[in-house]
Amino acid sequence: EDLEHLKQELELDRLPISAELVQEKYAQLISAEDVTKDGSASNKTLLTLHSLTGTHPQVTEEQLKRIFKDSQFKIWQRFSEVLETQPSPEVVQNKYFQFLIQRHWKLKDDLLAMETFSNTPIDETMLRRALNHCATTCEIEKIKAIVEATGMNPEISTEAIQQGYKKALAD
């Protein structure tokens, strides 16, 4: 907050802090366990540091993958701006899977937002995987919501249906 105030008072676009110091701080923040959690101390500091300095962190492919994989979709836009990159198609498909098996309220809107942001449509293989998962756990409402939200209706495996029957009969 003090640095933000200083930046405003001096009417600077960014604070003239050594790039080496900024990258050292970024390295510390990127390795923090909570950096992917929206509103956490490390997350806020990372975003503030970028805002104050205009410097982008230097991160490895592995770090990028972890950041996008472990964060909620709602903060991907901010991470993309700070990191100057988009999540990989693999990470996007895994996030689609999470959406499909965890939600059914506003699913269509969420899927559209992710496709618009990432420019990566949902893969039919990932869709089939989600439907099979929901079939094995006997979540019929989620299956209906997925088919309705995507407009796609790939075949659910016989094995998944049989596991769903077993689960339903056991409950």
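Guide: A pocket is an open set of grid points with protein on both sides within 12 Å along at least five of seven lines. In this predicted model, the largest pocket holds about 180 Å³ of space.

Visitor: Which residues line the largest pocket?

Guide: A lining residue has an atom within 4 Å of a pocket point. Ser-71, Gln-72, Phe-73, Lys-74, Lys-95, Gln-98, Phe-99, Gln-102, Arg-103 and Asp-110 make up the lining. Helix α6, residues 89-102, gives the most to it, with four residues.

Visitor: How do you know which residues of the lining are nonpolar, polar or charged?

Guide: Phe counts as nonpolar, while Asp, Lys and Arg count as charged. Phe-73 and Phe-99 are therefore the nonpolar ones. Overall, the lining divides into two nonpolar, four polar and four charged residues.

Visitor: Let's turn to the helices. What makes α6 and α7 roughly antiparallel?

Guide: Their axes cross at roughly 175 degrees and come within 11 Å. An angle over 145 degrees counts as roughly antiparallel, so α6 and α7 earn that name. Val-92, Lys-95, Tyr-96, Phe-99 and Leu-100 of α6 make the contact with Leu-107, Asp-110, Leu-111, Met-114, Glu-115 and Ser-118 of α7. By class, that gives seven nonpolar, one polar and three charged residues. You have already met Lys-95, Phe-99 and Asp-110 in the pocket lining.

Visitor: And why is α6 called roughly parallel to α8?

Guide: Helix α8 covers residues 124-136, and α6 packs against it at an angle of about 30 degrees, with the axes 9 Å apart. Angles under 35 degrees count as roughly parallel, so this pair fits the term. The α6 side of the contact is Gln-93, Asn-94, Phe-97, Leu-100 and Ile-101, and the α8 side is Met-126, Leu-127, Arg-129, Ala-130, His-133 and Cys-134. Seven of these residues are nonpolar, three polar and one charged.

Visitor: In which crossing does α6 pass α8, left-handed or right-handed?

Guide: α6 passes α8 in a right-handed crossing. That name applies when the near helix is turned clockwise from the far one by less than a right angle.

Visitor: Why are α3 and α5 oblique to each other?

Guide: α3 (residues 41-53) and α5 (residues 76-83) pack at an angle of about 45 degrees, their axes 10 Å apart. That value is neither under 35, nor over 145, nor within 65 to 115, so the pair is oblique. Asn-43, Leu-46, Leu-47 and His-50 of α3 meet Arg-78, Phe-79, Glu-81 and Val-82 of α5. Four of them are nonpolar, two polar and two charged.

Technical notes:
Residues numbered from 1 in each chain as written. Predicted model: local features only at pLDDT ≥ 70, side-chain atom pairs only at ≥ 80, totals over all residues. Heavy atoms only, no water. Axes fitted to C-alpha atoms, helices over the stretch in contact; angles between N-to-C directions. Helix = DSSP H or I, 4+ residues; strand = E, 2+ residues; numbered from the N terminus. Contact = heavy atoms within 4.5 Å. 1 Å grid on protein atoms, 1.4 Å probe; cavity = no way out; pocket = protein on both sides within 12 Å on 5 of 7 lines; lining within 4 Å. Points joined across faces, edges and corners; volume = space filled by probe spheres on them.
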